[in-house]
Amino acid sequence: MDLRERLKTYGAGNAYPFHMPGHKRQKQPGSLFPYDLDITEIDGFDNLHHAEGILAEAMERAAKLWGSRKSFFLVNGSSAGLLAGIRALTKRGDKVLMARGCHRAVYHAVELCGLHPVYMQAAWVEEMQISGSIQPETVEKHLQEHPDCNLVILTSPTYEGVVSDIAEIAKIAHRYGAYLLVDEAHGAHLGFGEGFPDTAVHLGADVVVQSLHKTLPCPTQTAILHVCTEQVDVTEVGRQLSVFQTSSPSYVFMAEMDGCISLLERERESLFAAYEKRLASFYEQMEKLEHIRLCQPENSSFVFGHDRGKLLFFTGNCNLSGVELSDILRERYELEMEMSLSLHTLAMTSIFDTDEGMERLAKAMLEIDKEVMPVKQPLAKGQMVLPQMVCGMEEALQGETTEVMLQDSLGKIAADFLWAYPPGIPLVAPGERISEEVLAQAFYMQKNGVNVQCAFAKDGWIRLRF
Ligand SMILES: Cc1ncc(COP(=O)(O)O)c(C=O)c1O
């Protein structure tokens with residue numbers, strides 16, 4: 001009996017709960033939550049932080065499905081997995097080589113673990129206005145210059161679905177004695193269908209973190225951490241997970257992760273075959289677009305691979321911004337996009353999309369494309385030169401600070417992150433000097449629909465080192 005069945009049987013039984021949670025498995029009027037299934041670590045239901053029973057079995061099945069050495073359920077998203085994974089693979093004060101485009105959780109790990117980051121940039125794909133893959137040569141060059149880096153961290157696939165050459169990067173990292181951690185938050189579905197790139201779990205990464213909720217049919221917050229190689233101390237990873245995850249994990253979430261794994265065990269071949277067929281038909285229909293473009297980053301020499309499930313529309317060749325396209329799709333067609341910026345609109349897909357949903361999007365795109373005019377929109381300058389690092393993140397965050405308006409911060413040292421959402425990567429990190437380029441990029445992005453925000457200061461302001 002799987003966890004869902006066990007919860008259902010228990011919930012329908014006669015056992016009276018003199019234990020947490022305080023709702024006592026009773027639905028409040030108007031509630032949408034399945035309270036009858038929401039229990040704590042009672043007898044027979046195992047303990048995520050010391051799994052020996054039904055949860056251990058579910059995680060073993062996950063490890064078998066993905067082909068990892070050991071897999072851990074995450075109930076606080078990939079964010080918790082990244083914090084725990086990075087802490088388990090480093091010691092305080094270690095140097096780490098990380099992609100500048102890493103998610104904020106990686107920066108938080110750097111801050112919390114007192115790490116010294118060395119940043120690497122992805123190549124810029126000019127014609128699509130997106131970051132490309134992290135090139136193996138870039139990793140090698142940085143490790144030659146900083147052979148004392150103990151860990152390499154990168155995101156693959158990116159928000160736009162761009163994948164890096166993990167097999168080659170893993171070999172390089174290991175040659176320099178460093179671990180490789182891949183943030184595969186957007187790639188939990190990789191490795192299941194032939195039309196998708198393989199997962200980093202199979203390609204030599206030491207630790208891989210995936211959000212099940214992003215690209216598989218699983219609830220928000222559910223994710224998984226895979227330990228892939230013998231070199232990783234599995235006990236330490238488990239210990240760090242109990243530092244960063246709640247001590248009261250939701251059984252509803254865990255049952256759904258278990259259910260998602262069962263589904264993939266049973267039906268992945270047919271589900272992914274149908275998914276690939278839907279995507280192939282969609283891409284074929286989009287060949288008729290004249291002005292709006294459906295990006296195929298895999299055709300760029302700066303891109304190693306691409307997840308075709310991320311439908312990235314480029315509007316730089318017509319009189320429509322990505323935000324306007326997204327608004328039309330919402331208002332006229334009731335189609336809600338994942339992300340929209342000045343030149344892009346991103347539609348995310350999964351094995352659970354329907355033929356009808358995909359047809360609606362295809363029809364809408366073809367209709368809108370007929371209405372727009374060809375116009376060459378101004379393009380961004382490309383990848384920003386990294387700001388100068390003056391002191392460590394911890395030092396900048398913990399010292400005395402002052403707040404100024406962003407436009408008055410030129411040349412000053414940030415005591416704050418200046419985040420660009422989406423996808424949540426910093427234009428400037430604490431301890432870095434705010435350059436003309438940082439400000440130009442921030443204002444350009446703001447003007448183009450990106451939410452540029454500090455962690456502490458009010459809108460339009462930034463906290464500085466005093
Ligand atoms: C690249 C990347 N990594 C990690 C995360 C964090 O994932 P989660 O929301 O599952 O904590 C995100 C979320 O957007 C992301 O885009």
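Here is a friendly exchange about sheets, a ligand site and some backbone details in a predicted model.

User: Before we start, what kind of model is this, and how are residues numbered?

Analyst: It is a predicted model in which local features need pLDDT of at least 70 and side-chain atom pairs count only at pLDDT 80 or more, while totals for chains, interfaces and linings use all residues. Residues are numbered from 1 along each chain as its sequence is written, and side-chain values use heavy atoms, with hydrogens and water left out.

User: What makes E13 and E15 a pair of strands?

Analyst: Strands (E, at least two residues) and helices (H or I, at least four residues) are DSSP runs, numbered from the N terminus. Two strands pair if DSSP finds at least two bridges between them. Strand E13 (residues 310-314) and strand E15 (residues 344-348) are joined by five bridges, so they meet that definition. The two run antiparallel, and Lys310 stands opposite Met348 in E15.

User: Why are E11 and E14 called edge strands?

Analyst: The open sheet has four strands in the order E11-E13-E15-E14, with antiparallel pairing. Strand E11 (293-294) and strand E14 (339-340) each have a single partner strand, so one side of each is left without a neighbour in the sheet.

User: Which helices go with this sheet, and how do you know that H9 touches it?

Analyst: Contact means heavy atoms within 4.5 Å. By that test, helix H9 (residues 251-286) touches E11 and E13. Axes are lines fitted to C-alpha atoms, for helices over the stretch in contact, and angles run from 0 to 180 degrees between N-to-C directions. On that scale H9 makes about 10 degrees with E13. Helix H10 (residues 322-333) lies across E13, E14 and E15, at about 45 degrees to E15.

User: What makes the pairing of Ser79 with the ligand a polar contact?

Analyst: A polar contact is a pair of N or O atoms within 3.5 Å (within protein, one must be able to donate a hydrogen and the other to accept it, and residues adjacent in sequence count only if both atoms are side-chain atoms). A polar side-chain atom of Ser79 lies 2.6 Å from an oxygen atom of the ligand, so the pair falls within that limit. An N or O atom in the side chain of Asp183 is 2.6 Å from a nitrogen atom of the ligand, and a polar side-chain atom of Lys214 is 2.9 Å from a ligand oxygen.

User: How much of the ligand does the protein cover, and which helix gives the most to the shell?

Analyst: The protein covers 83% of the 390 Å² of accessible area that the ligand has on its own; such areas come from the Shrake-Rupley method with a 1.4 Å probe, and for residues only the protein chains shown count as cover. Helix H3 gives the most to the shell, with four residues.

User: What makes E17 and E19 partners in the other sheet?

Analyst: Strand E17 (residues 418-421) is joined to E19 by four bridges, so the pair passes the bridge test. Trp419 has Gln453 in E19 as its bridge partner. This open sheet has the order E18-E17-E19 and antiparallel pairing. Its edge strands are E18 (425-428) and E19 (451-454), each pairing on one side only. Helix H13 (residues 436-447) lies across E17, E18 and E19, at about 130 degrees to E18.

User: Where are the cis peptide bonds, and what is the phi of Lys24?

Analyst: The bond from Met20 to Pro21 is cis, with omega near -5 degrees, and the bond from Ser156 to Pro157 is cis, with omega near 0 degrees. Lys24 has a positive phi of about 55 degrees although it is not a glycine. Lys24 lies in the loop between H1 and H2.
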